[in-house]
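Student: I would like to take a close look at a single part of this structure. Could you walk me through the sheet and what lies around it, slowly and in order?

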Amino acid sequence: MLQQMTIEPLYIVLLGGPGAGKGTQGAQLTTYLGIPRISSGDLFREHVRSRTDLGMQAKEYMDRGELVPDSITVAMVMERLAVADCVRGAILDGFPRTLPQAEALENALATQGKRVRLVVDIQVPAEVMVERLSGRWMCSVCGEAFHEKFRPPKERGRCDFCGNTLYQRDDDKIEAITRRVQVYISQTAPLEDFYRERHVLAEINGDQAVDAVFNAATLALKQRRLVGIEGQV
């Protein structure tokens, strides 16, 4: 586990489209840095499941098919960052997604004298993101996942483990994936500019081996002196 070089919390934002590998890199960075990864999606589900005040407020919008206001999402994130395991920092995965969210997060952190110190932008070509996601098939019984290219079943349309039928979820079909990728690209350009202006953006080629992406991310941390070269304060 590496230690930070200052007592200022190390808040890292992970950017990357669907299929870019944020989850994989977030997990590796959590182990490397010893700080938690906070997924906005997981945060929403936990608040709704626990019926917290923020969760119930969010659910009202979700039940109407409306976007949850940024103020509620930021409040959830800030509440989570106040938990003891975040005293040294945290990795934010899935938030912010838009420029207004980034501005709201910056303002909320600034009231505590804190800031986002690094944004790891995992860049993958649109066609690669579509390929990675659109070939996924799920077992209708045991839930095991397969991929037409990266993990094909031994028998087409059949689960290797229980022999039952494989199916493709609606949001894994190529039309839906293509729309998700296009929305991400349109939302992310101004977000990249926002963090580039603050000199915290590290643009990383995500169309390479997982270890190579991770090495590029850790290099960005070291170059900015956010961790020691050998893990020393």
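Tutor: What follows is a walk through the sheet, then the helix that packs on it, and then the aromatic rings and a few side chains elsewhere in the chain.

Please keep in mind that this is a predicted model. The sheet is an open one, built from five strands that run in the order β2-β3-β1-β4-β8, with parallel pairing. At its edges stand β2, residues 37-39, and β8, residues 201-205, each of which pairs on one side only. If you compare the directions of neighbouring strands in this sheet, ignoring which way they run, you find that they are turned by 25° against each other on average.

Let us now look at β3 and its partners. Strand β3 covers residues 89-93, and it pairs with β1, residues 10-15, in the parallel sense over five bridges. Within that pairing, I12 has I91 of β3 as its bridge partner. With β2, strand β3 pairs over three bridges, again in the parallel sense, and here S39 stands opposite D93 of β3.

Is β3 mostly covered or mostly open? It is mostly covered, since five of its five residues are buried, and for this you need the cut-off that buried means under 20% relative accessible area. The side chains of the strand are divided between two directions, with G89, I91 and D93 pointing one way and A90 and L92 the other way, and all of them are buried.

Helix α1, residues 22-33, packs on this sheet, where it touches β1, β2, β3 and β4, the last of these being residues 116-123. The direction of helix α1 makes about 160° with that of β1.

Helix α1 also brings us to the aromatic rings. A pair of aromatic rings is described by the distance of the centres and the angle of the planes. The count of aromatic pairs in the model comes to three. One of them is formed by Y32 and F214, which meet edge-to-face with 5.6 Å from centre to centre and 90° between the planes. Because Y32 lies in helix α1 and F214 in helix α8, residues 210-223, this pair ties together parts that are 182 residues apart in sequence. Y32 counts as buried because its relative accessibility is 16%, and F214 counts as buried too, at 15%.

Another aromatic pair is that of F194 and Y195, also edge-to-face, with 5.0 Å between the centres and 80° between the planes. F194 is buried at 6% relative accessibility, and Y195 is buried with a relative accessible area of 3%. The ring of F194 has a further partner, for the charged end of R198 sits over it, 3.7 Å from its centre. A similar arrangement is found where R64 lies over the face of Y61, at 4.9 Å from the ring centre.

As a last stop, consider S186, which has its place in helix α7, residues 174-197. With a relative accessibility of 51%, S186 counts as exposed, because the cut-off for exposed is over 50%. The side chain of S186 reaches the backbone oxygen of V183 at 2.8 Å. Along the chain, S186 and L226 are 40 residues apart, and their C-alpha atoms are separated by 30 Å.

Notes
Residues are numbered from 1 along each chain as its sequence is written. This is a predicted model: local features need pLDDT of at least 70, side-chain atom pairs count only at pLDDT 80 or more; totals for chains, interfaces and linings use all residues. Side-chain values use heavy atoms; hydrogens and water are left out. Two strands pair if DSSP finds at least two bridges between them. Helices (H or I, at least four residues) and strands (E, at least two) are DSSP runs, numbered from the N terminus. Axes are lines fitted to C-alpha atoms, for helices over the stretch in contact, and angles run from 0 to 180 degrees between N-to-C directions. Contact means heavy atoms within 4.5 Å. Rings of Phe, Tyr and Trp (its six-membered ring) pair if their centres lie within 6.5 Å; planes under 30 degrees apart count as stacked, over 60 as edge-to-face and the rest as tilted. Buried means under 20% relative accessible area, exposed over 50%, partly exposed in between (1.4 Å probe, protein chains only). A charge sits over a ring if NZ of Lys or CZ of Arg is within 6 Å of the ring centre and within 35 degrees of the ring normal. A polar contact is a pair of N or O atoms within 3.5 Å; within protein, one must be able to donate a hydrogen and the other to accept it, and residues adjacent in sequence count only if both atoms are side-chain atoms.
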